[in-house]
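Reader: Hello! I am new to this structure and would love a short tour. Could you show it to me, please?

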Amino acid sequence: MADNNATTPVPPPAAAGAETSVEKSKNADKNEAKRLAKLEKFLAKQKAAAEKTKAAPVAKEEKKAKPEKAAAAAPEPEFVNTTPKGEKKDMSEPMAATYNPKAVEAAWNDWWEKEGFFEPELTADGQVKSEGLFVIAAPPPNITGSLHTGHALAVSIEDGLARWNRMLGKTVLFNPGTDHAGISAQAVVEKQLWKESKQTRHDIGREAFVEKIWDWKDVFQARINNQVRRLGASYDWTREAFTLSAPLSKAVTETFCRFHEEGIIYRATRLVNWCSELNTALSNLEVDNKELTGRTLLSVPGYDAKEKFEFGVLISFAYPVEGSDEKIVVATTRIETMIGDTAIAIHPKDERYKHLHGKFVIHPFSGRRIPIILDDIVVDMAFGTGAVKMTPAHDVNDYEVGKRHSLEFINILNDNGTLNNNCGEFSGMKRFHARVAVLKALKEKGLYVETVDNAMTVPICSKTGDIIEPLMKPQWWVNCKDMAHDALQAVKDGKLTIKPQTSEKEYYRWMENINDWCISRQIWWGHRIPAYFVRLAGEEQDFADGQFWVSGRTEEAALESAQKKFPGKTFTLEQDPDVLDTWFSSGLWPFSIMGWPEKTADFEKFYPTSLLETGWDILFFWVARMVMLGIKLTGQVPFSEVYCHALVRDAQGRKMSKSLGNVIDPVDVIEGISLQALHDKLRIGNLDPREIVKAEQGQKMDFPNGIPECGTDALRFCLGAYSAFGKDINLDIMRVDGYRKFCNKLWNATRFALLKLEDGFLPNATAAKSGRESLAERWILSKLNVAAVELNDQLGQRNFMKATDAIYKFWLYELCDVYIEIIKPITEGSDLVAKRSAQDTLYTCLEAALRMLHPFMPFLTEELYQRLPRRDGDKITTIVKSPFPVNNPTYIDEQADANFELVFAVVRSGRSLMADYNMTKGGQIYLLGSTEIAKLLKSEEAGIATLTKGTKSCTVVTDVADIPEGCASQTVQEGCTVYLLVKGMVDVDAEVQKIEKKLAKVQKAKDDLEKKTQDATYLTKVKPEIREMNEVKLKDYEAEIATLTSGIEIFMKLK
């Protein structure tokens, strides 16, 4: 759109042939062209400077003196919000000259919340409205720090859907909350405690340590809530939930006790992911897999920073066969685990080892007899030596073999990662020191064979960076088989849909291969397991044995259960010191926040919820468990739809990581931040000093000039525009900044429109057509309806990229660039009826377009909506509660679409001709058309002249004889041709000279490159990818030469 702040009236179109009689000398034409070119450059520089300094746009007025021009470029004073908290912003002040996101976003959220606009709107008798119900239980962020752009994406999508459904008139509940994040929160606070006082949690005790985490929670929960408010989340804050709050803890206890009583939860000793640094079991989600292609030296937490240990190798060594000189060679990637070997497996059909069936090998360090077992499942005869060592207590695959063959399970590790008393001479060593020592000892005994590179995956704790160990531990487990069957059936039956389809396939894969779920965590922060060990007086008992355990909703209830289980016995109760996996409590989220297990009013009205929006990476760890637990405990699927959004990566496609320095706080994008301030924020957290240096380098590469102030609305819109099914988002901050410029465009368009509506303008009582609309009005109303239909359709399909594209195109390319431009001469003309009709249509489109944009840009749309005059009888106080535009059949006008498309095709041809001849001002357009077409174009002469930038006049004729000599032409369609008067308007020789100069430059570049490619050594010395690039370059040069040559021919025809 052209300068929307311009107030200078557009000159009326010149009469046909008005300037054809004016004689201009060649030099006069040349000087005029130079003057215009300089003016264009000057205006372009002024516009760029204005945007850069956020100064008020310079109107098309007469030149000002230099001091005044300098003053205009000065930055505006810093905005200060003076609106009392919770009060409505004063809209009586004139609109600012430019868009300022800080000023626009101020005060609105406080007012929305105080007025209760985000609370579910019910009928007079307290029921859900007839329009329907839409409920989102917002995924609770962890209280471990600040939100990042991944959270901003989730909020943008969820809130966009909540606002859209609210505007459709539905009862909407968008329920907020936070997660206690057991392991993550404890790890962060433990680091902080050590950093501040050099104390561990054991030094201060469980109660004091948990109290410190509660203090942490209060601080960071408030920070997170501030962030989501800044993001414009329309949460019902009166229902804010926290997973460790009393009501939600009650739901957790109830679930554990029910499941334990039914036998779904049981106690068993099995392999778990063990982190020695945290001293706890971890879920698979908390384990990162590091891929190694071969030998790699890695640092390990808990060891000297200079120490590195060998990974990515396969070490072969020999076991002596009992009673002979024979040896059998096996291989392992974790040589230290051989201390716990309890079998050697061979294939029963392997002829090489038939004579060893039923034999034993001797452990070289302990002297234990180790059986040689036959297994056709785990052993591949063609791989390696065909013999496989078995360490069932420390390897997932070996564990299964151990169960099949009833092998001995020997644990070699203490919880802290040192070797235990089962390890003989290696006892007490750290596990990776033992790795070195065992290898050395094998060499000394002559049993070492070789070490070769081996691609492998190393499991890493995502919290500490420690190497994860498979370790046998007595834990509480959930039998998931039956629940998984029901959860899978819900998708098959259509009760639950999962988008995109790739995520549904992943869901099927997980559910069909589900394992039992370990829910014990050896930490202090979380829901302490409501299970009690019944210690019987004077009896030997195994703490791992589930028969000696009871559960209880209270300790009194547990005591009663123990008395029933062990009547007449003397005992004491000891509560399990472990806490439950965080996913156990978050798995109850959709219904625990509604008051379950009580049948509360909220549970009755708002459960099951409508939609669960989350990242695909936690589809199994969280979503699947919510579905399983929801169906089991409530009898209903907890939500009818799951939408999995993409992962947000940096502009280079890298995963967000604090150590890379590419984790972005959305508030930093909203407010803007300098590079130094980004560096400073790295030192606030718990990053290792070496990681800080690496992160600073990453920030310097990604944000050399810091992050510009973009505002919430631009960030939200950008994230929506990025969201395509199944694709990760490579977030480029400069694209967000581009949408900030779009916000500025909307601001200027509305400001300009308000000027055109004039003071005292009162819109019609309804948006219905009057019947007096011009072609342009009928066209824009039709396009408005097309955008509304497309927008509703795409939001319904959860295609946010296409949804944002629909409203973006309408605002920018149809409302701003066409309609607002084409009505300028009408709104500045003397035809009051036409003027009023144009104003009414402008108001209708502007107001509806703001409502359509609101789900994506809540702050800017509210600010502009409040500036608009209201229709008579319109009592809606906020855009939040305004009706969302839907299909309006009365706006559909196919004839207007077709006619205006011809008008705009004429405009495009006119622009193309002016570009061909480098004309920017004074263009005289002639339109030759058949009688019918001429009639249409005649009525649109003024609009065509306005839209064809730089055109002085537009004249419609039906006879080619009325076209003056010296015109260039372009055919639009049969019966319609556009002519541009060029004779006497351009300096042909000068234009040809410019093109020839450029042509010579391109030709030389082409010749030089061709010379290189013809060198005798080109094919052997130049890389294939470089040769391929050069071929593309040559084709580009050829295309440019053809274009320039054609340009010369066009100008030469004018001589």
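Reader: How do the residues of the lining of the second largest cavity divide into nonpolar, polar and charged?

Author: Happy to help, and please keep in mind that this is a predicted model. The second largest cavity holds about 50 Å³ of space, and its lining includes Pro141, Ile224, Thr178 and Glu240. Sorted by class, the residues of this lining come to 6 nonpolar, 3 polar and 1 charged.

Reader: Which element gives the largest share of the lining of the second largest cavity?

Author: Two elements each give two or more residues to this lining, namely β3 (177–178) and α8 (206–230). The largest share is 3 residues, and the element that gives it is α8.

Reader: And which helix gives the largest share of the lining of the largest cavity?

Author: The largest cavity has a volume of about 140 Å³. Of the 17 residues that line it, Asn764, Ala768, Glu773, Asp840 and Thr841 are the closest to its centre. By class, this lining has 6 nonpolar, 6 polar and 5 charged residues. The largest share, 5 residues, comes from residues 832–853, which form helix α27.

Reader: Let us turn to the strands. Which are the edge strands of the open sheet of 4 strands?

Author: This open sheet is ordered β6-β5-β18-β20, with antiparallel pairing. At β6, 3 bridges join the strand to β5 (residues 265–275), and Trp274 stands opposite Ala281 in β6. An edge strand pairs on one side only, and here the two are β6 (280–282) and β20 (517–518).

Conventions: Residues numbered from 1 in each chain as written. Predicted model: local features only at pLDDT ≥ 70, side-chain atom pairs only at ≥ 80, totals over all residues. Heavy atoms only, no water. Pairing = 2+ DSSP bridges. 1 Å grid on protein atoms, 1.4 Å probe; cavity = no way out; pocket = protein on both sides within 12 Å on 5 of 7 lines; lining within 4 Å. Points joined across faces, edges and corners; volume = space filled by probe spheres on them. Nonpolar A, V, L, I, M, F, W, Y, C, P; charged D, E, K, R; others polar.
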